[in-house]
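Welcome, and please open your viewer so that we can walk through this model together. Each stop below tells you what to select and what you will find there.

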Amino acid sequence: MKLQPDKFDVQTISGYGPGWIGLDGEKITTSLVVGSRGQRFDWDCARYSDLSAAHFARLADIGPELVLFGSGDRLRFPQPAWLQALAERRIGVETMDTAAACRTYNILAGEGRHVVAALLLESP
């Protein structure tokens, strides 16, 4: 059986490590939002304590079916008040550490899902 590597028509996360994410071959060292429909922008937060409802409201404006919140190097859940804009639009949120969010994003985006990954990369 001949196997071919997966080739996606969406932007993919090609690698990750402490303090960086590889996105389509580019090394990113700041928090960012990446979407399966081509969205990509800096997420203005260097630490978990910088996050607010405004950060998540901006994600709601994109209108995905699911937001993957990568909370940094360890699992930390967003405060319920931060998620109000997403809940009002019936947009699902899954929280995991950033490495897991990177892997999950690639799988869901490759399946054609309208997914957005909000990835926190904390400054050392």
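**First stop: two unusual loop residues**

Select D24, which sits in the loop that joins β2 (20-23) to β3 (26-28). Please keep in mind as you look around that this is a predicted model. What is the phi angle of D24? It is positive, about 50 degrees, even though D24 is not a glycine. Most residues other than glycine have a negative phi. As for its surroundings, D24 is partly exposed, with 49% relative accessible area.

Now move on to R90, in the loop between α2 (84-88) and β7 (92-96). Here too phi is positive in a residue other than glycine, with a value near 60 degrees. Is R90 buried or exposed? Its relative accessibility is 77%, so R90 counts as exposed.

**Zoom out: the whole chain**

Select the full protein chain and colour it by secondary structure. How many helices and strands does the protein chain have? There are three helices and eight strands. Starting at the N terminus, you can follow them in the order β-β-β-β-β-α-β-α-β-α-β. The radius of gyration is 14 Å, close to the 14 Å given by the globule rule for 124 residues, so the chain is as compact as a globular protein of that length.

Turn the model along its principal axes, and the C-alpha atoms fill a box of roughly 50 × 35 × 20 Å. Switch to a surface view next: the accessible surface of the protein chain is about 7,000 Å², and carbon and sulfur atoms contribute 50% of that. Of the 124 residues, 46% count as buried.

Two further views suit the whole chain. If you display contacts with a separation of 6 or more, 64% of them link residues 24 or more positions apart. If you colour by charge, you will find 13 positive and 15 negative side chains, with the centres of the two sets 2 Å apart.

**Next stop: G63**

Select G63 in the loop between α1 (53-62) and β6 (66-70). This glycine is partly exposed, at 38% relative accessible area. Which residues does G63 touch, once those up to four places away in sequence are set aside? They are I91 and H114. Add I91 to your selection and draw a C-alpha to C-alpha distance: G63 and I91 are 28 residues apart in sequence but 7.4 Å apart in space.

**Into the interior: R76**

Go to R76, placed in the loop between β6 and α2. Buried or exposed, what would you say of R76? Its relative accessible area is 12%, so R76 is buried. Show its side chain together with that of E122, and you will see a polar contact of 2.8 Å between the two. Not counting residues up to four places away in sequence, R76 touches Y48, F69, S71, T95, L120 and E122.

**Back towards the start: T12**

Select T12, in the segment before β1 (13-17). With a relative accessible area of 17%, T12 is buried. Beyond residues up to four places away in sequence, T12 touches G22, L23, D24, Y105 and N106. D24, from the start of the tour, is one of these partners.

**Two strand residues: K27 and F41**

K27 belongs to strand β3. Select K27 and view the surface: this lysine is exposed, with a relative accessible area of 57%. Leaving out residues up to four places away in sequence, K27 touches W20 and I21. For a longer line across the model, draw the C-alpha to C-alpha distance from K27 to L66, which are 39 residues apart in sequence and 25 Å apart in space.

Finish at F41, in strand β5 (residues 40-42). At 17% relative accessibility, F41 counts as buried. What is in contact with F41, leaving aside its neighbours within four places in sequence? Show L32, V33, R58 and I62 to see these partners. One last distance to draw runs from F41 to S31: 10 residues apart in sequence, these two are 8.9 Å apart in space, C-alpha to C-alpha.

Methods:
Residues are numbered from 1 along each chain as its sequence is written. This is a predicted model: local features need pLDDT of at least 70, side-chain atom pairs count only at pLDDT 80 or more; totals for chains, interfaces and linings use all residues. Side-chain values use heavy atoms; hydrogens and water are left out. Helices (H or I, at least four residues) and strands (E, at least two) are DSSP runs, numbered from the N terminus. The radius of gyration is taken over C-alpha atoms; the globule rule is 2.2 Å times the number of residues to the power 0.38. Buried means under 20% relative accessible area, exposed over 50%, partly exposed in between (1.4 Å probe, protein chains only). Contact means heavy atoms within 4.5 Å. Accessible areas come from the Shrake-Rupley method with a 1.4 Å probe; for residues, only the protein chains shown count as cover. Lys and Arg count as positive and Asp and Glu as negative; His and the chain ends are not counted. The place of a charge is taken as NZ of Lys, CZ of Arg, CG of Asp or CD of Glu. A polar contact is a pair of N or O atoms within 3.5 Å; within protein, one must be able to donate a hydrogen and the other to accept it, and residues adjacent in sequence count only if both atoms are side-chain atoms.
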